[in-house]
2 protein chains.
Amino acid sequence: MATWFTEKQTDSFGITAKVNRSLHKEQTDFQELEMLETEEWGNMLVLDDMVMTTEKDEFVYHEMLAHVPLFSHPSPKKVLVVGGGDGGVIREVLKHESVEKAVLVEIDGKVIEYSKQYLPSIAGTLDDPRVDVQVDDGFMHIAKSEREYDVIMVDSTEPVGPAVNLFTKGFYEGIANALKEDGIFVAQTDNPWFKADLIRQAYADIKETFPITKIYTANIPTYPSGLWTFTLGSKIYDPTQVKPERFTDMDTKYYTSELHNASFALPKFVKDLTE
Amino acid sequence: MATWFTEKQTDSFGITAKVNRSLHKEQTDFQELEMLETEEWGNMLVLDDMVMTTEKDEFVYHEMLAHVPLFSHPSPKKVLVVGGGDGGVIREVLKHESVEKAVLVEIDGKVIEYSKQYLPSIAGTLDDPRVDVQVDDGFMHIAKSEREYDVIMVDSTEPVGPAVNLFTKGFYEGIANALKEDGIFVAQTDNPWFKADLIRQAYADIKETFPITKIYTANIPTYPSGLWTFTLGSKIYDPTQVKPERFTDMDTKYYTSELHNASFALPKFVKDLTE
């Protein structure tokens with residue numbers, strides 16, 4: 001008998017994937033965590049019945065969340081990843097030679113533990129000496145940081161459960177304070193087909209906090225609608241005006257310097273959310 | 001009891017949509033046609049169990065198939081749409097004032113008939129005096145046309161069933177012959193996540209036939225993986241070098257002139273299919 005995992009991305013639409021077996025399932029202190037071995041996507045991390053990452057398509061999200069802000073900064077040395085316990089963003093951050101320290105603040109230690117066990121191609125660099133893994137509340141970590149980071153990346157779940165504080169104006173203000181005077185911040189901000197209001201609100205809030213605010217997109221097949229947005233706030237550097245010589249060769253599967261620039265060209269109905 | 005339509009986009013992955021009711025279902029001479037009223041996407045045309053178009057997201061595919069080649073040509077007057085019996089591409093073509101005649105050659109008259117009935121916002125301009133609707137075999141129509149069209153758009157199903165001939169080198173050669181000496185052609189060429197070989201082959205075949213060959217992408221949530229490719233062949237005009245003054249204001253929901261240019265920046269793993 002074949003088992004299928006179905007994520008209802010809305011009340012009336014979803015994706016469904018054939019499951020070979022469940023590798024692990026538990027209720028953590030924060031959410032329901034399940035690791036599935038799927039036929040199409042390889043191992044898949046599911047939190048509260050939502051796909052977080054899969055071995056086959058994870059590179060899109062992780063490359064685009066990391067490289068767009070990092071290449072927009074002339075020389076990022078100290079970076080923070082809020083959430084992202086699977087380690088995928090950290091893996092991409094470490095490809096930047098300028099980075100001296102990468103702090104990961106994940107609220108749920110179980111995500112880190114089971115990602116290391118079942119998603120080694122994603123979590124494999126969490127033990128790198130440049131990485132400081134802290135199992136802690138990202139909101140609190142931000143609140144007590146001041147002028148500390150060059151780049152901050154928010155790799156959160158949807159704004160339900162443990163991530164609800166990470167989509168607030170207070171959080172964005174805290175991030176601005178935790179960043180150095182030329183810092184850059186980016187957050188995943190969901191999809192424009194089913195969550196237009198979320199994007200509109202996040203963009204407006206971030207725009208009130210940062211002098212330069214831009215949305216960019218990427219295609220992630222296992223995420224709702226396949227069209228994902230990231231909203232970037234920057235104090236000085238314009239991510240759409242990166243000097244060509246700043247782009248260095250990097251081993252990627254999705255990101256290129258051309259795509260960096262192109263990803264800020266928004267479909268009309270997405271651009272309308274910023275006006 | 002809720003009914004759900006599930007399209008298996010691969011053997012082990014699919015999408016699923018809540019169905020309010022089936023509006024029409026029949027086996028035509030060419031394929032199984034079903035019109036569903038869905039909760040998330042509005043009315044949905046399904047052929048051989050594959051989603052062809054929906055009221056909610058159809059604009060992406062139709063705008064991108066039509067406007068990219070049409071704006072790449074300085075003054076398209078006579079255009080041909082092969083397939084596309086739902087009328088969506090024709091609706092976009094007619095937005096270009098230079099177009100004097102738009103020929104639609106759809107092999108399955110039932111697609112036209114039921115699109116007019118159940119998808120009026122898509123098929124509503126098929127009765128426009130500039131439109132010539134022919135229920136005929138697109139492959140044969142191409143074979144007997146010579147130096148006739150400025151732009152040809154191939155809006156086909158997957159290369160199974162009636163569309164199998166539309167993904168062959170012979171067809172692309174026929175198209176080159178049916179185009180004027182400065183003509184442009186575009187075809188939908190499926191998605192790079194599940195059909196990489198199809199894209200690689202189509203790109204190689206079109207490149208052997210046209211001096212300028214480029215792939216561009218768009219996000220279509222109800223199509224497999226959400227990342228769709230279009231492959232464009234052109235005799236003279238480079239679609240990535242359109243003069244800014246050529247772009248005129250147009251009532252669209254997805255296409256913009258910025259997105260026109262940006263859509264040719266390919267994810268690294270897609271770009272690799274062209275090398």
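Partly exposed, for a residue, means a relative accessible area between the buried limit of under 20% and the exposed limit of over 50%. Keep that in mind for the loop views of this predicted model.

**View 1. The Asp49 loop in chain B, with its twin setting in chain A.**
B:Asp49 sits in the loop that links strand 4 (42-47) and strand 5 (50-54) of chain B. With 47% relative accessibility, B:Asp49 falls into the partly exposed class because that value lies between the two limits. Its backbone is the thing to look at: B:Asp49 is not a glycine, yet has a positive phi of about 65°. As background, most residues other than glycine have a negative phi. Over in chain A, A:Asp49 is likewise in the loop between strand 4 and strand 5. The phi of A:Asp49 is positive too, at about 65°, again without the residue being a glycine. A:Asp49 comes out at 46% relative accessibility, so A:Asp49 is partly exposed.

**View 2. Two domains of chain A, side by side.**
Chain A splits into domain 1, covering 3-53, and domain 2, covering 58-274. The contact draws on 21 residues of domain 1 of chain A and 22 residues of domain 2 of chain A. Going by C-alpha atoms, the centres of these two domains of chain A are 23 Å apart. How much area is buried between domain 1 and domain 2 of chain A? About 2,000 Å², with carbon and sulfur atoms giving 71% of that area.

**View 3. Polar links across the domain boundary of chain A.**
Zoom in here for the 1 salt bridge counted between domain 1 and domain 2 of chain A. A:Glu26 and A:Lys110 form a salt bridge, with 3.8 Å between their closest N and O atoms. Polar contacts add to the picture, with 7 residue pairs found across this interface of domain 1 and domain 2 of chain A. On the side of domain 1 of chain A that touches domain 2, the elements giving two or more residues include strand 1 (3-10), strand 2 (13-27) and strand 3 (32-38) of chain A. Strand 2 of chain A has the largest share of that side, 5 residues. By class, that side of domain 1 of chain A holds 12 nonpolar, 7 polar and 2 charged residues.

**View 4. A:Thr222 and its surroundings.**
Look for A:Thr222 in the loop between strand 11 (212-219) and strand 12 (227-234) of chain A. Is A:Thr222 buried or exposed? A:Thr222 has a relative accessible area of 0%, so A:Thr222 is buried. The side chains of A:Thr222 and A:Asp57 make a polar contact at 2.8 Å. Beyond its neighbours within four places in sequence, A:Thr222 is in contact with residues including A:Gln9, A:Ile15, A:Trp41 and A:Val51.

**View 5. Where chain A meets chain B.**
This contact pairs 40 residues of chain A with 40 residues of chain B. Between them, chain A and chain B bury about 3,200 Å², and 68% of that is on carbon and sulfur atoms. A:Ser12, A:Phe13 and A:Trp193 lose the most area to chain B in chain A, together 21% of what that side buries. Don't hunt for salt bridges: the count between chain A and chain B is 0. Polar contacts do turn up, in 16 residue pairs between chain A and chain B. Helix 1 (58-72), helix 8 (257-262) and helix 9 (268-271) of chain A are among the elements that each supply at least two residues of the side touching chain B. Strand 2 of chain A gives the largest share of that side, 6 residues.

Conventions. Residues numbered from 1 in each chain as written. Chains lettered and ligands numbered in written order. Predicted model: local features only at pLDDT ≥ 70, side-chain atom pairs only at ≥ 80, totals over all residues. Heavy atoms only, no water. Domains from an automatic or database assignment. Contact = heavy atoms within 4.5 Å. Buried area = accessible area lost by both parts, 1.4 Å probe. Salt bridge = Lys/Arg side-chain N within 4 Å of Asp/Glu carboxyl O. Polar contact = N/O pair within 3.5 Å; in protein donor to acceptor, adjacent residues only side chain to side chain. Helix = DSSP H or I, 4+ residues; strand = E, 2+ residues; numbered from the N terminus. Nonpolar A, V, L, I, M, F, W, Y, C, P; charged D, E, K, R; others polar. Buried < 20%, exposed > 50% of the residue type's maximum accessible area, 1.4 Å probe, protein only.
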